[in-house]
Amino acid sequence: MAAFLRLGATMALALLVSIAAGRAHEVQPSVADVTVTGDALVMELRTAIEPLVAGIDLSAVEDTDESPLAGLSDRLRAMEPEALAAELARAWPAIAARMDLRAGDAALDPVLEEVVIPPVGDVDTRRDSRLTIRAALPDDGSPVTVGWDGGLGGLIVRQGEGEDAYSAFLSAGGTTDPLPRGGAAEAGLGEAVARYLVSGFDHIVPKGLDHILFVLGLLFYAFAWRPLLWQVTAFTAAHTVTLALATVGVVDIPDGSMWIVESVIALSIVYVAVENLLVAHRTRELPAAANGNGPIPDAALETPEIGWARIGIVFAFGLLHGLGFASVLSEFGLGQHLVASLIAFNVGVELGQLAVIAAAAILVWVAFRVLHRRFHPEAEAFRAVSVVGSILIALVGAWWVIERTLLG
């Protein structure tokens with residue numbers, strides 16, 4: 001049994017090592033609310049300015065700790081607002097040069113009009129500042145485009161409000177559609193579907209660490225398709241319901257209360273992992289043939305039953321995960337093509353979840369092939385992977401519960 005536990009530990013750690021520890025300095029997109037009047041473009045930009053001032057290439061890293069300039073960025077995080085504002089003023093010409101604001105073919109000069117920087121808090125937590133950027137427009141009535149260098153990170157651009165609002169996600173830099181003076185730009189249906197499909201996938205892989213661990217917890221319940229199908233179906237149905245309700249405003253969680261949702265999501269990770277351990281404990285030992293290359297008796301091929309209690313719990317937790325997904329959509333706003341955009345985002349989320357499951361299954365299959373073990377979901381080595389993986393998931397989830405309730 002010790003050999004199987006070592007095998008399980010090796011594979012489970014390989015699955016979790018890259019996601020077990022949450023990234024404190026994870027790169028997240030900036031958000032720009034753009035207003036275009038007859039004579040000026042005004043952009044209200046919400047962003048973490050420290051990596052921009054430090055000169056970190058945000059297109060090359062997923063976490064600022066990966067950059068050789070991480071130390072400078074960390075020192076800027078610890079600066080008081082007045083000192084950081086002075087550093088931003090010195091760095092502004094270089095930052096502005098990486099924005100390509102145009103009215104027709106004419107380049108615009110972005111002027112930093114106002115900066116609001118929050119007080120120093122937890123230096124391991126992203127500090128979002130608000131910048132007001134203004135550019136004078138020529139009097140020819142030409143529409144405006146906002147260009148953004150990918151090295152500044154992703155940018156969500158929003159114009160207008162309500163169902164006619166326009167939004168674009170410049171995930172790796174790029175340029176918006178022409179933004180008219182007054183009103184909002186119109187996005188095509190195909191463009192909107194593609195944008196929200198990518199956003200939904202991106203929210204799971206690579207950014208949805210808590211959702212990834214929850215899905216792996218469902219997989220570790222039993223390496224068999226039937227229990228996994230029931231659980232994923234329940235989870236999908238649940239988060240689809242709350243995602244839709246929250247997005248259209250039927251369910252509204254105030255920003256100040258989202259920590260409760262995030263904490264219960266972390267608790268859901270702990271619950272499914274612990275229940276996996278209880279199921280594994282109840283699973284009877286298999287004949288030796290099931291763990292080697294010999295024939296496996298039919299009586300040894302039973303998988304843990306998936307009961308209604310487990311399905312109900314997964315469904316309940318899926319409702320909460322849907323609220324977490326909705327918080328992401330609140331940054332974009334659905335605006336035009338609401339139904340199609342909502343469906344596309346949800347499909348992207350599902351593709352992300354399936355990618356996690358597929359990657360985990362392939363990794364386990366490859367490990368078994370390399371180690372010349374029989375690849376069967378009821379082999380003892382599979383249970384070892386499930387046990388060790390579930391323990392690690394439970395520990396990470398427990399830390400997130402503490403972090404989001406007591407340290408948040």
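**A tour from helix H6 outward**

Begin by selecting helix H6, whose buried residues (under 20% relative accessible area, 1.4 Å probe, protein chains only) are Leu209, Asp210, His211, Ile212, Leu213, Phe214, Val215, Leu216, Gly217, Leu218 and Leu219. This is a predicted model, in which local features need pLDDT of at least 70 and side-chain atom pairs count only at pLDDT 80 or more, while totals for chains, interfaces and linings use all residues. Residues are numbered from 1 along each chain as its sequence is written, and side-chain values use heavy atoms, leaving out hydrogens and water.

Helix H6 (residues 209-219; helices are DSSP runs of H or I with at least four residues, strands runs of E with at least two) has 11 of its 11 residues buried, so it is largely enclosed by the rest of the structure.

Next, select Phe214, Leu216, Leu218, Leu219, Phe223, Ile393 and Trp400, which touch the most other members of the largest nonpolar core, a set of 51 residues. Such a core joins buried Ala, Val, Leu, Ile, Met, Phe, Trp, Tyr and Cys residues through side-chain atoms within 4.5 Å. Elements giving two or more residues to this core include H6, helix H7 (225-247) and helix H10 (338-370); the largest share, nine residues, comes from H10. A second, separate core of 41 residues includes Leu52, Ile95, Ala103 and Leu170.

Move then to Ala48, in the loop between strand E2 (40-47) and helix H2 (49-54). Ala48 counts as buried because its relative accessibility is 8%. Add Ser129 to the selection: Ala48 and Ser129 are 81 residues apart in sequence, yet 5.9 Å apart in space, C-alpha to C-alpha.

Finish at Asp124, in the loop between strand E5 (111-116) and strand E6 (129-136).

Terms used:
Buried means under 20% relative accessible area, exposed over 50%, partly exposed in between (1.4 Å probe, protein chains only).
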